[in-house]
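Biologist: Hello! Could you walk me through this structure, one step at a time?

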Amino acid sequence: MAGSSHGHTPAAWTGVIIAFIGFCVAGMFMVAARPAGFWAGMAVVLLGGVVGYIMRMMGLGQPKQNHPVHQVADDRTAAGAQG
């Protein structure tokens, strides 16, 4: 994945940071035995995914043509020789 710059976009970073904060909140409330806080943290985790998806749709994610899955084998080898 390192060769494809997977996840090195504002959309990915923002989504992961929000989801991580939600994970920490949910973990804290789980240890404190507070179900409402746990589910609020889980909602923040889901919010991170939604925010990342919206940012990707706004053009802040990795374009599909740059992703190796969407490239032909010849294009990949030429791109690898350049960079």
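Modeller: Gladly! This is a predicted model, and a good place to begin is V16, which sits in helix α1.

Biologist: Is V16 buried or exposed?
Modeller: The cut-off for exposed is over 50% relative accessible area. V16 has a relative accessibility of 54%, so V16 counts as exposed.

Biologist: How far apart in space are V16 and G48, C-alpha to C-alpha?
Modeller: Along the sequence, V16 and G48 are 32 residues apart. V16 belongs to helix α1, while G48 belongs to helix α2. In space, the distance from C-alpha to C-alpha is 6.4 Å.

Biologist: Which residues does G48 touch, leaving out those up to four places away in sequence?
Modeller: G48 is part of helix α2. With a relative accessible area of 1%, it falls under the 20% limit and is therefore buried. Apart from residues up to four places away in sequence, G48 touches G15, I18 and A19.

Biologist: Now let's look at another glycine. Is G41 buried or exposed?
Modeller: G41 also has its place in helix α2. Buried means under 20% relative accessible area. The value for G41 is 0%, so G41 is buried.

Biologist: Which residues is G41 in contact with, if neighbours within four places in sequence are left aside?
Modeller: One residue to look at is F23, 18 residues from G41 in sequence and 6.2 Å from it in space, C-alpha to C-alpha. Setting aside neighbours within four places in sequence, the contacts of G41 are G22, V25 and A26.

Biologist: Which helix do the buried residues of α2 pack against?
Modeller: The buried residues of α2 are G37, G41, G48, G52 and M55. For G48, the contacts include G15, and α1 covers residues 10–31. The buried residues of α2 pack against α1.

Biologist: How far apart are the end C-alpha atoms of α2?
Modeller: Helix α2 runs over residues 35–60. It has 26 residues, and at 1.5 Å a residue they should span 38 Å. The model agrees with this, because the end C-alpha atoms are apart by 35 Å.

Biologist: What pattern does the chain follow along the sequence?
Modeller: Let's start with the count: the chain has 3 helices and 0 strands. Read along the sequence, the pattern is α-α-α.

Biologist: What is the phi of A33?
Modeller: A33 is in the loop between α1 and α2, and at 58% relative accessibility it counts as exposed. Most residues other than glycine have a negative phi. A33 is not a glycine, yet its phi is positive, at about 60°.

Biologist: Which residues does T9 touch, not counting those up to four places away in sequence?
Modeller: T9 is in the segment before α1. Its relative accessibility is 12%, so T9 counts as buried. Not counting residues up to four places away in sequence, T9 touches L60, G61 and Q62.

Biologist: Which residues make the nonpolar surface patch?
Modeller: M58 is a helpful example: it lies in helix α2 and is exposed, with a relative accessible area of 60%. The patch that includes M58 has an area of about 700 Å². Its residues are L47, V50, Y53, I54, M57, M58 and L60.

Biologist: How many aromatic pairs does a search of the whole structure find, and which residues form one?
Modeller: The search of the whole structure finds 1 aromatic pair. Its rings are 4.9 Å apart, centre to centre, with 75° between the planes, and the pair is edge-to-face. One of its residues, W39, counts as exposed at 57% relative accessibility. The pair is formed by F38 and W39.

Biologist: What share of the contacts with a separation of 6 or more comes from residues 24 or more positions apart?
Modeller: V16 and G48 give a feel for such a separation, being 32 residues apart in sequence. For the chain, the share is 59%.

Biologist: To finish, what percentage of the chain's exposed area do carbon and sulfur atoms supply?
Modeller: The chain has 83 residues, and 16% of them count as buried. The area that the chain exposes is about 6,100 Å². Carbon and sulfur atoms supply 71% of that area.

Conventions. Residues numbered from 1 in each chain as written. Predicted model: local features only at pLDDT ≥ 70, side-chain atom pairs only at ≥ 80, totals over all residues. Heavy atoms only, no water. Patch = residues over 30% accessible without salt bridge, like charges linked within 9 Å, V, L, I, M, F, W, Y side chains within 5 Å. Areas by Shrake-Rupley, 256 points an atom, 1.4 Å probe, with all protein chains shown as cover. Salt bridge = Lys/Arg side-chain N within 4 Å of Asp/Glu carboxyl O. Helix = DSSP H or I, 4+ residues; strand = E, 2+ residues; numbered from the N terminus. Buried < 20%, exposed > 50% of the residue type's maximum accessible area, 1.4 Å probe, protein only. Phe/Tyr/Trp six-rings, centres within 6.5 Å; stacked < 30°, edge-to-face > 60°. Contact = heavy atoms within 4.5 Å. Expected span 1.5 Å × (residues − 1).
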